[in-house]
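Colleague: Please take a close look at a single part of this model, the packing of one pair of helices, and then set that part in its surroundings for a reader new to the structure.

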Amino acid sequence: MNNQKHSVLKRCFHWINVPSLAIMAWSGILIYWAHQAYVILPKILVDKLNLHHRLAEGMGWHFLVMWIFALNGLGYCLYLILSGDWRNIFPRKKDFQELLPFVLHDLKILKTGPDLREIYNPAQKMAYTSAILMGAGLILTGAAIFKPVQLGWLTSLLGGYEAARLEHFILLVAIFLFFIVHILQVMRSGWNNFRAMVVGHEIEKE
Ligand code: HEM
């Protein structure tokens with residue numbers, strides 16, 4: 001039996017994130033390593049990864065793909081609001097109460113866990129909401145260091161140019177950590193769960 005789990009729109013928004021974030025990360029590394037102060041990688045690795053003298057190329061890709069990432073994120077947020085899907089993602093009071101028993105049960109420390117009937121468990125809701133906030137934060141801190149004069153109010157709001165730069169860096173480490181945990185959890189949940197994010201539905205036995 002087939003049941004629609006993820007709509008076409010949601011899957012499009014989701015999968016556009018993957019190449020766009022990958023290009024943002026790669027071009028970000030090219031920009032980052034162009035600055036002498038940050039050259040902390042061993043020379044041999046920098047040579048192997050061909051990171052030298054590619055600042056213009058890195059900036060070109062970063063400032064092009066940021067539009068795709070930002071517009072896609074904005075589209076996804078609008079979709080969540082208009083479709084009412086935000087109810088599946090944003091944690092409510094009971095999710096905070098159920099988080100610890102859920103995690104302890106997941107780690108097999110507690111025999112019984114909370115009775116979950118929704119599409120996402122409390123930990124997923126918190127992780128997905130954080131990913132949305134981190135994406136928004138990356139765009140805002142990125143905009144503050146991209147146009148510190150035109151968007152001076154945003155740069156000062158974020159604590160100044162250097163602070164916005166540090167925040168941009170911290171957020172990118174955080175979203176990378178989310179990505180690693182997300183992939184591990186997807187692998188743990190199995191093919192059927194992954195398939196639903198590709199074709200929309202899980203395959204259930206009659
Ligand atoms: C190869 C990379 C990725 C794979 C295989 C993957 C896979 C999945 C799967 C299978 C789900 C559904 C989970 C479920 O139904 O239990 C999901 C949901 C989600 N993923 Fe990913 N994902 C990837 C990359 C990303 C990236 C880069 C982001 C954003 C930074 C992201 C953010 C999300 C969010 C926010 C949801 C919840 C979507 C919703 O219901 O509206 N994913 N992912």
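Modeller: Helices H6 and H8 run roughly antiparallel to each other, because their axes cross at roughly 150 degrees; angles under 35 degrees count as roughly parallel, over 145 as roughly antiparallel, 65 to 115 as roughly perpendicular and the rest as oblique. This is a predicted model, in which local features need pLDDT of at least 70 and side-chain atom pairs count only at pLDDT 80 or more, whereas totals for chains, interfaces and linings use all residues. Residues are numbered from 1 along each chain as its sequence is written.

In general, two packed helices are described by the angle between their axes and the distance between the axes. The axes of H6 and H8 come within 9 Å; such axes are lines fitted to C-alpha atoms, for helices over the stretch in contact, and the angles run from 0 to 180 degrees between N-to-C directions. The two helices cross in a left-handed sense, meaning that the near helix is turned anticlockwise from the far one by less than a right angle, while clockwise would be right-handed.

On the H6 side, the residues in contact include Ala-127, Met-134, Leu-138 and Ile-145. Their partners in H8 include Tyr-161, Leu-171, Phe-178 and His-182. Contact here requires that the C-beta atoms of two residues, placed from the backbone, lie within 7 Å. By class, the contact of H6 with H8 has 14 nonpolar, six polar and two charged residues. Ala, Val, Leu, Ile, Met, Phe, Trp, Tyr, Cys and Pro count as nonpolar, Asp, Glu, Lys and Arg as charged, and the others, Gly among them, as polar.

Both helices also take part in the shell around the ligand. That shell has 19 residues, the closest being Asn-17, Tyr-128, Val-186, Phe-194 and Met-197; a residue is near a molecule if its C-beta atom, placed from the backbone, lies within 6 Å of it. Helices H1 (8-32), H6 (122-146), H8 (161-189) and H9 (191-199) each give two or more residues to the shell, and H8 gives the largest share, six residues. By class, the shell holds 12 nonpolar, five polar and two charged residues.

H1 belongs to another pair. The axes of H1 and H3 (residues 55-83) come within 8 Å and cross at roughly 155 degrees, and these helices are therefore roughly antiparallel as well. H1 passes H3 in a left-handed crossing, and their contact has 17 nonpolar, eight polar and two charged residues. Within H1 lies Ser-20, whose C-alpha atom is separated by 7.8 Å from that of Met-66, 46 residues away along the chain. Ser-20 is partly exposed because 19 other C-beta atoms lie within 10 Å; with C-beta atoms placed from the backbone, 20 or more would make a residue buried, 12 or fewer exposed, and counts in between partly exposed.

These pairs sit in a chain with nine helices and two strands. Helices (H or I, at least four residues) and strands (E, at least two) are DSSP runs, numbered from the N terminus. Of the 206 residues of the chain, 14% count as buried.
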